[in-house]
Amino acid sequence: MAKKILVMDDDPTIADLLTEALADEGYETFMTTQSLRFYDSIQEHKPDLVLLDLMMPYLDGRDELKLMTMGIDKQIPVIVVTAFLGAANEEQEFREAGVVHIVYKPFDLDKLVALVKQTIGEPEEKTA
C-alpha cells in the first residue's frame with residue numbers, strides 16, 4: 001500500500017499542484033482546502049505525512065497543529081508550506097508539534113518532493 005499524504009492549503013491551485021505532483025511520484029494523496037475539515041480528514045485518511053499551510057481562514061495552521069497534538073494517537077510528521085516569513089521565529093513551537101520542515105512559498109516543487117521522500121521515504125510499490 002502506498003504511503004498517504006494529506007495536503008491542507010486553502011488555495012485550491014496550490015493544493016491541486018501538490019496533490020497531483022505527489023500522486024505522480026506514487027504516493028496516495030488527499031487534500032482539503034477547508035481548514036474546518038482538516039481534523040476530520042486526518043481521522044479519515046490516517047496519513048503518513050501532512051503538508052500544511054499556516055495562513056488560512058477560520059483555523060490557521062497553528063490551530064491545526066494543536067488539534068493534531070491533542071487528538072491523534074501517533075505523531076504525524078508535518079511539512080509546513082507557507083508564505084508567512086515569520087514562521088522561522090516560531091520554529092521551536094512548530095518542532096514540538098511535529099513539524100519537520102518549513103518550506104516557504106513560492107517553493108521549488110522538486111525540492112519539496114525530495115523533502116517528502118527524505119521525511120517518509122519512497123512510496124511503496126502498489127501490488128496488482
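Me: Before we start, what does contact mean here?

Reply: Contact means heavy atoms within 4.5 Å. By that rule M68 touches F38, I42, V50, I76 and V78, leaving out residues up to four places away in sequence. This is a predicted model, where local features need pLDDT of at least 70, side-chain atom pairs count only at pLDDT 80 or more, and totals for chains, interfaces and linings use all residues. Residues are numbered from 1 along each chain as its sequence is written, and side-chain values use heavy atoms, without hydrogens or water.

Me: Why is K4 said to have no salt bridge?

Reply: Good one! A salt bridge needs a side-chain nitrogen of Lys or Arg within 4 Å of a carboxyl oxygen of Asp or Glu. For K4, the nearest side chain of opposite charge, E28, is 5.3 Å away, so the cut-off of 4 Å is not met. K4 is also buried, meaning under 20% relative accessible area (exposed is over 50%, partly exposed in between; 1.4 Å probe, protein chains only).

Me: What makes the pair of K4 and H45 a polar contact?

Reply: A polar contact is a pair of N or O atoms within 3.5 Å; within protein, one must be able to donate a hydrogen and the other to accept it, and residues adjacent in sequence count only if both atoms are side-chain atoms. The backbone oxygen of H45 lies 3.1 Å from a polar atom of the K4 side chain, so the distance fits.

Me: How do you know that the buried residues of α3 line one face?

Reply: They are G61, E64, L65 and M68. Seen down the axis, they fall within an arc of 100° (taken from the directions from the helix axis to the C-beta atoms), so they line one face. The face turned away carries the exposed K66 and M70.

Methods. Lys, Arg positive; Asp, Glu negative; His and termini not counted. Helix = DSSP H or I, 4+ residues; strand = E, 2+ residues; numbered from the N terminus.
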